[in-house]
Amino acid sequence: MNYKISKGLDIVLKGKAIDTDLNFVLSDSFYVKPDDFRWLKPKLLVNEGDMLEVGTPLFADKQDERIVIVSPIKGQVVRIVRGEKRAIQAVTLRRADETAVTRQIDFPEPKDGRTIRQLMLQYGLWPCLRQRPYATIPCPDAIPKSVFISCFDSSPLAPEYSILLRGKEVFFQHGISVLQMASEQAPIHLCMKQGADNKIFESIDNVAKHYFSGPHPAGNVGTQIHRIAPIDKGDVVWYLTPQEVARIGRFFMAHVLGFEQRAALTGPAVAHTGYFNTVYGADLSALFANRLSVETVRCISGNVLTGIQLADIPTLRFHDHQVTVVEEGGQREFIGWLLPGFKKWSFSHTYTSWLMKNKTYEHNTSLHGGRRTFMMTDVYDKVFPFDIIPLALLKACYVKDIEQMEELGIYEVDDEDFALCEVVCPSKMECQKIVRDALIELRMDN
């Protein structure tokens, strides 16, 4: 089935990753953060000084203690980092040796979905799954309506999945079979980019295959779910990335537990882009050495639309496969809006640069304007491909009107689906935060 997305926007940035391996030596320091897992309330299961194996539980979710976050390495707990009210911010680990990132585990071959779910929960693979609505780790007892795997990413400077999956093709195929059993034969949807290199995905049997074209957010799983199998109140849909499918497939096929990630280093502030291999939680400080073109930068785990700014000790978030580096902005420009702006991008064609169709831009973190109250405008409709009125839904979310939110389709969206609305918003509203806060309220009410 082919789907063409007409509403959306491609943010054209310099710094796309080239197909080359970056020389990155994996650090011995690792930081596992509860905040990487949305709305998880951690219950600490280890103490400082404890020795760990790959897969040793570090903390459990207080709301369902079957869901555990495990150690990605063999080593030792160095420190428990706490914040306000002693909230756990990170568990600091030190790796035992260079080979201590995988673990061979013997277990009988699972015969049913229940056994697969138990093994995934026991060894920390269950958090690879996320669900819509809410984009949280799903309840282990809930059987999904369907499973979605987005096989491309349309966000700015997104890496190529064919490169990320190189060498993991057989594990990806086996992972699909495992998910079919774990979901009790729920339909699995592979969503591919029309005209891209889809050999890995097209070789999979017993799945529904869909092709998408058009601007971002064509690659967002929310857009794909909305077009293929819309969510209603009470529905649960699982989704995960191809690398996470391969991770699950390797565990059940080769009995090897590991949390390795292949990711791309991108961004206009990067002098040498490319792909690198890491392990979840690893300190990435060495990755940026001699690879940045400017001094004052902001490092982001993910893309510039939905990513999270990396702290003093940069690590890649659990579900991310991209690090983006942009220059810090904030400098005032003399008569900036009166200049022709040959090097500036504008959605509203404010600057003459819109005439240069293939131009790429070196965006920074400047806001380029002040925040003000909501303006009645149709600008959101131009970049929002859902059959939902975005301004009305945002206003309902802003005032936490749960009944109105449900009527307007809140269960079909997540905050990332409003990232482009935030980019083009004339009021500079934090659209993603508004939706995220409303989803928290909705989840508590349900």
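## Exercises on loops and sheets

E184 sits in the loop between helix 3 (169-182) and strand 12 (188-193); helices (H or I, at least four residues) and strands (E, at least two) are DSSP runs, numbered from the N terminus. Residues are numbered from 1 along each chain as its sequence is written, and side-chain values use heavy atoms, with hydrogens and water left out. Keep in mind that the model is predicted: local features need pLDDT of at least 70, side-chain atom pairs count only at pLDDT 80 or more, and totals for chains, interfaces and linings use all residues.

**Exercise 1.** Work out what is notable about phi of E184, then do likewise for N206.

*Solution.*
- Step 1: E184 isn't a glycine, yet its phi is positive, near 60°.
- Step 2: Its relative accessible area is 42%, so E184 is partly exposed (buried means under 20% relative accessible area, exposed over 50%, partly exposed in between, with a 1.4 Å probe and protein chains only).
- Step 3: N206, not a glycine either, has a positive phi of about 60°.
- Step 4: Look for N206 in the loop between helix 4 (199-202) and strand 13. With 69% relative accessibility, N206 counts as exposed.

**Exercise 2.** Find the residue that a cis peptide bond joins to P133, and the one joined that way to P217.

*Solution.*
- Step 1: For P133 it's R132, with omega about 0°. P133 belongs to the loop between strand 10 (130-132) and strand 11 (146-150).
- Step 2: For P217 it's H216, and here omega is about 20°. This proline, P217, is in the loop between strand 13 (208-213) and helix 5 (221-228).

**Exercise 3.** Trace the open sheet of four strands and name its edge strands.

*Solution.*
- Step 1: Read the order as 2-8-7-4, with antiparallel pairing; two strands pair if DSSP finds at least two bridges between them.
- Step 2: Strand 2 (29-32) and strand 4 (51-52) are the edges, each pairing on one side only.
- Step 3: Strand 7 (residues 75-82) and strand 8 (residues 88-95) run antiparallel and share seven bridges. V81, for one, has A90 of strand 8 as its bridge partner.

**Exercise 4.** Why is one side of strand 17, and one of strand 19, left without a neighbour in the sheet?

*Solution.*
- Step 1: Lay out the open sheet of five strands: 17-16-20-18-19, with mixed pairing.
- Step 2: Strand 17 (274-279) and strand 19 (308-309) stand at the edges and have a single partner strand each, so one side of each lacks a neighbour in the sheet.
- Step 3: Further in, five bridges link strand 18 (residues 297-301) to the antiparallel strand 20 (residues 322-327). Among the bridge partners is T324 in strand 20, which goes with I300.
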